[in-house]
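Hi everyone, thanks for making time this morning. Let me put the sequence and the structure up on the screen, and then we can walk through them together.

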Amino acid sequence: MVEQWDLHDGRRRIGSRPQTIDEYFALEQSLLMPLPEEPFETGRVFTPRVDRYSQIAVRTNRYSVPVRLIGKRVRVVLHASHLVVYNQNVEVARHERLIAKGGCRLELDHYLEALNRKPGAFPGATAFEQARSAGRFTPVYDAWWARA
């Protein structure tokens, strides 16, 4: 339908101008620059600091990042349905965006390094509870848990 509307609109004249929209476009088309090679980024960029819990605050929600980034600033690109976290142009985390205010999304993999050093913290860890409730606690995690 949009294509049909576009074709129909091309034959339209604006006010009392002597040419149609398509005729004006034909004159300008050779002057247009080519589209850029790289895609246009549509997300909103933030640069939060990773707190001592290995989390970043984006808008009103918190998201986990790998433990090794505690204390560092990271770049976050927030999209409509997800967010991507970068450390020096390397993607380090990707989360589904939380819509409700005050939410917290934690990825168990981000905490395994710390939990390996402190296995006693594992049973009460929020990341562990979120992974279990979402069904992401795989047999690999169970094997790791048994060894820890």
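Let's begin in the middle of things: how many bridges join β5 to β6, and in which direction do these strands run? There are six bridges between β5 and β6, and the two run antiparallel. Before I go further, please keep in mind that this is a predicted model.

So let's stay with those strands for a moment. The hairpin of β5 and β6 has two residues between the strands, and there Gln 88 takes a positive phi near 50 degrees. If you like following individual pairs, Val 85 has Ala 93 as its bridge partner in β6. Val 85 also serves as the bridge partner of Val 76, so to speak looking the other way.

That brings us to β4. Strand β4 covers residues 75-78 and strand β5 covers residues 82-87; four bridges join them, and they run antiparallel. The connection from β4 to β5 is a hairpin through three residues. Besides the Val 76 and Val 85 pair, you can find Arg 75 opposite Tyr 86 in β5. For anyone colouring side chains at home, a reminder: in a regular strand, side chains alternate between the two faces of the sheet.

Now zoom out a little. Which strands make up this open sheet, and in what order? There are four, ordered β1-β4-β5-β6, with antiparallel pairing. At the edges sit β1 (44-46) and β6 (90-96), each of which pairs on one side only. Neighbouring strands here are turned by 20 degrees against each other on average, direction ignored.

Next stop, another sheet. Three strands form an open sheet in the order β2-β3-β7, and here the pairing is mixed. The edge strands are β2 (55-58) and β7 (104-105), each pairing on one side only. Strand β3, residues 61-64, is joined to β7 by two bridges, and these strands run parallel. On that side, Arg 62 stands opposite Cys 104 in β7.

I'd also like to show you two loop residues whose backbone angles caught my eye. Arg 59 sits in the loop between β2 and β3, and Arg 59 has a positive phi of about 60 degrees although it is not a glycine. Ser 54 belongs to the loop between β1 and β2, and its phi is near 65 degrees, again a positive value in a residue other than glycine.

Let me linger on Ser 54. Is Ser 54 buried or exposed? Its relative accessibility is 1%, and because the limit for buried is under 20%, Ser 54 counts as buried. As for contacts, a polar atom of the Ser 54 side chain lies 2.4 Å from the backbone oxygen of Val 65.

Finally, let's go to the start of the chain. Met 1 is in the segment before α1 (2-10). With a relative accessible area of 72%, Met 1 is exposed, because that word applies over 50%. Together with Val 2 and Trp 5, Met 1 makes a nonpolar surface patch of about 420 Å².

That's my tour. Thanks for listening, and I'm happy to rotate the model to any spot you'd like to see again.

Terms used. Residues numbered from 1 in each chain as written. Predicted model: local features only at pLDDT ≥ 70, side-chain atom pairs only at ≥ 80, totals over all residues. Heavy atoms only, no water. Patch = residues over 30% accessible without salt bridge, like charges linked within 9 Å, V, L, I, M, F, W, Y side chains within 5 Å. Areas by Shrake-Rupley, 256 points an atom, 1.4 Å probe, with all protein chains shown as cover. Salt bridge = Lys/Arg side-chain N within 4 Å of Asp/Glu carboxyl O. Buried < 20%, exposed > 50% of the residue type's maximum accessible area, 1.4 Å probe, protein only. Pairing = 2+ DSSP bridges. Axes fitted to C-alpha atoms, helices over the stretch in contact; angles between N-to-C directions. Polar contact = N/O pair within 3.5 Å; in protein donor to acceptor, adjacent residues only side chain to side chain.
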